[in-house]
Amino acid sequence: DDQLFEIVNLYRGFAVTATGDNRVVVKPGQIGEANRAWFKSGNHIASANGMVIQSNGIGQPVTLEYVLENEPKQKWIIRRIDSYNNMEIVSMSDGGALDLVEFKTWEYDVGTLSVRQRSYDHFTHLWKINNLDNEE
């Protein structure tokens, strides 16, 4: 489960990035930056600092929080949805999928949206999981 990976948004081509104030954004950056590296721990998606992505309700930005083992808002299913290895990342607490919820200057807040809210023409709810261990 300790395989490090990046989560890249299919629409923007930018990676999910942890910020210093526990926000989770999609923004430009360099492959291998520590704040863009994630790993799975059970159904948690954890950042390099050990904090995990938590859903805060449909339409709301996700945050990084300390692990609460039995908190469903911190548990995610990464599901391959087509033959191109595009992934959907779905909250086990409310079924919302990780998506881009708000654009701010040069970055997007990452949050969850319901099936009805998703923008299928822009593919903002689709992600690539790129393993990092073999990167040079």
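In which loop is N85 found? In this predicted model, N85 sits in the loop that runs between strand 8 (76–80) and strand 9 (87–91). The phi angle of N85 is positive, about 60°, although the residue is not a glycine. N85 is partly exposed, its relative accessible area being 40%. A second asparagine, N22, also has a positive phi in a residue other than glycine, with a value near 65°. N22 belongs to the loop between strand 2 and strand 3, and with a relative accessible area of 29% it is partly exposed.

The secondary structure of the protein chain consists of 12 strands and zero helices. In sequence order the pattern is accordingly β-β-β-β-β-β-β-β-β-β-β-β. Along the principal axes, the C-alpha atoms of the chain fill a box of roughly 40 × 35 × 30 Å. The radius of gyration is 13 Å, which agrees with the value near 14 Å expected for a compact globule of 136 residues. Among contacts in the chain with a separation of 6 or more, 52% are between residues 24 or more positions apart.

Of the 136 residues, 43% count as buried. The accessible surface of the protein chain amounts to about 7100 Å², and carbon and sulfur atoms account for 49% of this area. The chain carries 13 positive and 19 negative side chains, and a distance of 5 Å separates the centres of the two sets.

The largest nonpolar core has 19 residues, of which I7, W38, I53 and W127 touch the most other members. At least two residues of this core come from each of strand 1 (5–9), strand 2 (15–18), strand 3 (24–27), strand 10 (97–104) and strand 11 (107–113).

W38, one of the four core residues named above, lies in strand 4 (residues 38–41). W38 has a relative accessible area of 0% and is therefore buried, as the value falls under 20%. Setting aside residues up to four places away in sequence, W38 touches Q3, L4, F5, I7, V16, T17, A18, I45, A46, S47, I53 and L64. This list includes I7 and I53, which are likewise among the core residues that touch the most other members. The C-alpha atoms of W38 and I129 are separated by 9.8 Å, with their positions 91 residues apart along the chain.

I129 is found in strand 12 (residues 127–131). With a relative accessible area of 25%, I129 is partly exposed. Its contacts, leaving aside neighbours within four places in sequence, are with F5, E6, I7, I78 and M87. I129 and L4 are 125 residues apart in sequence, while their C-alpha atoms are 9.8 Å apart in space. F5 and I7 are contacts of I129, and both residues are also touched by W38.

A further pairing of residues distant in sequence involves Y11, which is found in the loop between strand 1 and strand 2. The C-alpha atoms of Y11 and T124 are separated by 5.1 Å, although the two residues are 113 residues apart along the chain. Y11 is partly exposed, with a relative accessible area of 36%.

H44 lies in strand 5 (residues 44–47). H44 is buried because its relative accessible area of 3% is under 20%. Residues up to four places away in sequence not being counted, H44 touches F39, V52, V67, L68, E69, Q74 and K75. H44 and I31 are 13 residues apart along the chain, and their C-alpha atoms are separated by 22 Å.

Methods. Residues are numbered from 1 along each chain as its sequence is written. This is a predicted model: local features need pLDDT of at least 70, side-chain atom pairs count only at pLDDT 80 or more; totals for chains, interfaces and linings use all residues. Side-chain values use heavy atoms; hydrogens and water are left out. A nonpolar core is a set of buried Ala, Val, Leu, Ile, Met, Phe, Trp, Tyr and Cys residues joined through side-chain atoms within 4.5 Å. Buried means under 20% relative accessible area, exposed over 50%, partly exposed in between (1.4 Å probe, protein chains only). Helices (H or I, at least four residues) and strands (E, at least two) are DSSP runs, numbered from the N terminus. Contact means heavy atoms within 4.5 Å. The radius of gyration is taken over C-alpha atoms; the globule rule is 2.2 Å times the number of residues to the power 0.38. Accessible areas come from the Shrake-Rupley method with a 1.4 Å probe; for residues, only the protein chains shown count as cover. Lys and Arg count as positive and Asp and Glu as negative; His and the chain ends are not counted. The place of a charge is taken as NZ of Lys, CZ of Arg, CG of Asp or CD of Glu.
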